[in-house]
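User: I should like to learn how to read helices, buried residues and backbone angles in a structural model. Could we work through one case together?

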Amino acid sequence: LYEKARKLFISKASIDEFAGWATPRQVDAVHRLLDTELANRERAKHDRLLRRARFPVVKGLDGYDFTNVRLPDGYMLDELLGLGFIPRAQDLVFYGKTGRGKTHLAIGLGMKAIDMGLGVRFHLTAEPVLPLGETMLRDIGRADLIILDEFGYVPFDIDGARLLYQIIAGSYERRSIIFTTNIEFSKWGTVFADDKLAAAIIDRIVHHGRLLEFTGQSRRVSEALMFGRNTSAQPEK
């Protein structure tokens with residue numbers, strides 16, 4: 001009862017006074033009341049964190065196929081799924097062609113972080129979200145994990161590149177970033193239209209992050225073939 005009361009900021013003095021006169025049935029009733037309130041708060045917190053994450057879709061990792069996910073030497077899958085990279089403020093780069101499951105894995109890890117009560121922010125960098133400027137920087141400052149999806153699919157203008165640099169530099173050793181990209185490091189200068197800026201960003205990632213390579217056939221094509229859909233009518237996005 002004391003432990004639950006502390007979580008709800010009820011003073012020890014109040015519980016001492018209550019325990020002095022309460023009957024066993026009254027104590028049980030208060031236990032149920034506090035249990036209900038704590039459960040409601042946890043659900044409300046989870047829903048709030050999920051809304052703030054702004055995932056385009058909600059995806060878990062049940063049944064996720066890691067066969068074609070190449071982990072760095074010495075880096076175990078349990079360590080990835082245990083989210084050990086977040087308290088260490090490590091960055092992850094998910095590199096591979098389109099449709100290999102990079103975004104799915106990033107969102108799944110983001111969902112696990114939310115289940116642990118951590119703040120997550122998802123941003124699709126191929127869309128014009130970066131010009132949000134200071135508002136975006138303040139919002140990201142409250143997150144434990146940032147997901148920058150489809151990084152480099154569309155080149156940034158100079159303002160977007162500078163803002164992105166602020167986000168990455170400001171997060172260095174403070175919070176984790178997951179990049180999903182099909183652009184190799186050697187071409188990031190083209191994405192930023194500034195080789196020096198790209199080199200500074202890559203330096204921060206390489207010295208405090210890990211690269212996961214996604215290989216194999218496109219999962220979207222595989223699913224289409226599985227269900228007998230015609231994939232020749234339109235290109236894969």
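Analyst: The turns below take up the overall make-up, then helices, then single residues. Please note that this is a predicted model.

User: How many helices and strands does the secondary structure of the protein come to?

Analyst: The protein has 10 helices and six strands. Burial and contacts complete the overview: of its 237 residues, 38% count as buried. Among contacts with a separation of 6 or more, 78% are accounted for by residues 24 or more positions apart.

User: How does one check the length of a helix, and what does H9 show?

Analyst: The expected span of a helix is 1.5 Å times one less than its number of residues. Helix H9 covers residues 195-207, and its 13 residues should span 18 Å; the end C-alpha atoms are 18 Å apart, so the two values agree.

User: Which residues of H9 are buried, and which are exposed?

Analyst: The general idea is to apply cut-offs to relative accessible area: buried means under 20% and exposed over 50%. In H9, the buried residues are Leu197, Ala198, Ile201, Ile202 and Ile205. Because these buried residues fall within an arc of 130° when seen down the axis of H9, they line one face of the helix. Asp195, Lys196 and His207 are exposed on the other side of H9.

User: Against which elements do the buried residues of H9 pack?

Analyst: They pack against three strands and two helices by name: strand S2 (91-96), strand S5 (176-181), strand S6 (209-214), helix H7 (158-171) and helix H8 (188-192).

User: How should the pairing of H7 and H9 be described, and at what angle do their axes cross?

Analyst: One considers the approach of the axes, their angle, the handedness and the residues in contact. The axes of H7 and H9 come within 10 Å and cross at roughly 20°. Angles under 35 degrees count as roughly parallel, and H7 is therefore roughly parallel to H9. The crossing in which H7 passes H9 is left-handed. On the H7 side, the contact is made by Ala161, Arg162, Tyr165, Ile168 and Ala169; on the H9 side, by Leu197, Ala200, Ile201 and Arg204. Leu197 and Ile201 thus appear in this contact and also among the buried residues of H9.

User: How many residues of H5 are buried, and what span does this helix reach?

Analyst: The length check and the burial count can be read together. Helix H5 (residues 102-115) has 14 residues and reaches 20 Å from first to last C-alpha, close to the 20 Å expected. Of its 14 residues, 10 are buried, so H5 is largely enclosed by the rest of the structure. The buried residues are Lys102, Leu105, Ala106, Ile107, Gly108, Leu109, Gly110, Met111, Ala113 and Ile114. Just after H5, Gly117 takes a positive phi of about 85°.

User: How does one describe the surroundings of a single residue, for example Ile146: what does it touch?

Analyst: One gives its element, its accessibility and its contacts with residues beyond its sequence neighbours. Ile146 is in strand S4 (residues 145-149), and counts as buried because its relative accessibility is 0%. Leaving out residues up to four places away in sequence, Ile146 touches Arg121, Ile140, Ile167, Ser171, Arg175, Ser176, Ile177 and Ile178. As for sequence against space, Ile146 and Asp91 are 55 residues apart in sequence, while their C-alpha atoms are 9.3 Å apart.

User: Where do Ile15 and Leu34 lie, and what do they touch?

Analyst: Ile15 lies in helix H2 (residues 12-21) and is buried at 7% relative accessibility. Beyond four places in sequence, Ile15 touches Leu1, Tyr2, Ala5 and Ile10. Leu34 is in helix H3 (residues 24-53) and is buried, with a relative accessible area of 6%. With the corresponding neighbours left aside, Leu34 is in contact with Leu1, Lys4, Ala5, Leu8 and Ile10. The C-alpha atoms of Leu34 and Ala5 are separated by 7.4 Å, although these residues are 29 apart along the chain.

User: What is phi of Phe9, and what is that of Glu150?

Analyst: For a backbone angle of this kind, one notes the sign, the residue type and the place in the chain. Phi of Phe9 is near 60°, a positive value in a residue other than glycine. Phe9 is in the loop between helix H1 (2-7) and H2, and is exposed, with a relative accessible area of 75%. Glu150, likewise not a glycine, has a positive phi of about 55°. Glu150 is in the loop between S4 and H7, and counts as partly exposed at 25% relative accessibility.

How values were computed. Residues are numbered from 1 along each chain as its sequence is written. This is a predicted model: local features need pLDDT of at least 70, side-chain atom pairs count only at pLDDT 80 or more; totals for chains, interfaces and linings use all residues. Side-chain values use heavy atoms; hydrogens and water are left out. Helices (H or I, at least four residues) and strands (E, at least two) are DSSP runs, numbered from the N terminus. Buried means under 20% relative accessible area, exposed over 50%, partly exposed in between (1.4 Å probe, protein chains only). The arc is that of the directions from the helix axis to the C-beta atoms. Contact means heavy atoms within 4.5 Å. Axes are lines fitted to C-alpha atoms, for helices over the stretch in contact, and angles run from 0 to 180 degrees between N-to-C directions. Angles under 35 degrees count as roughly parallel, over 145 as roughly antiparallel, 65 to 115 as roughly perpendicular and the rest as oblique. A crossing is left-handed if the near helix is turned anticlockwise from the far one by less than a right angle, and right-handed if clockwise.
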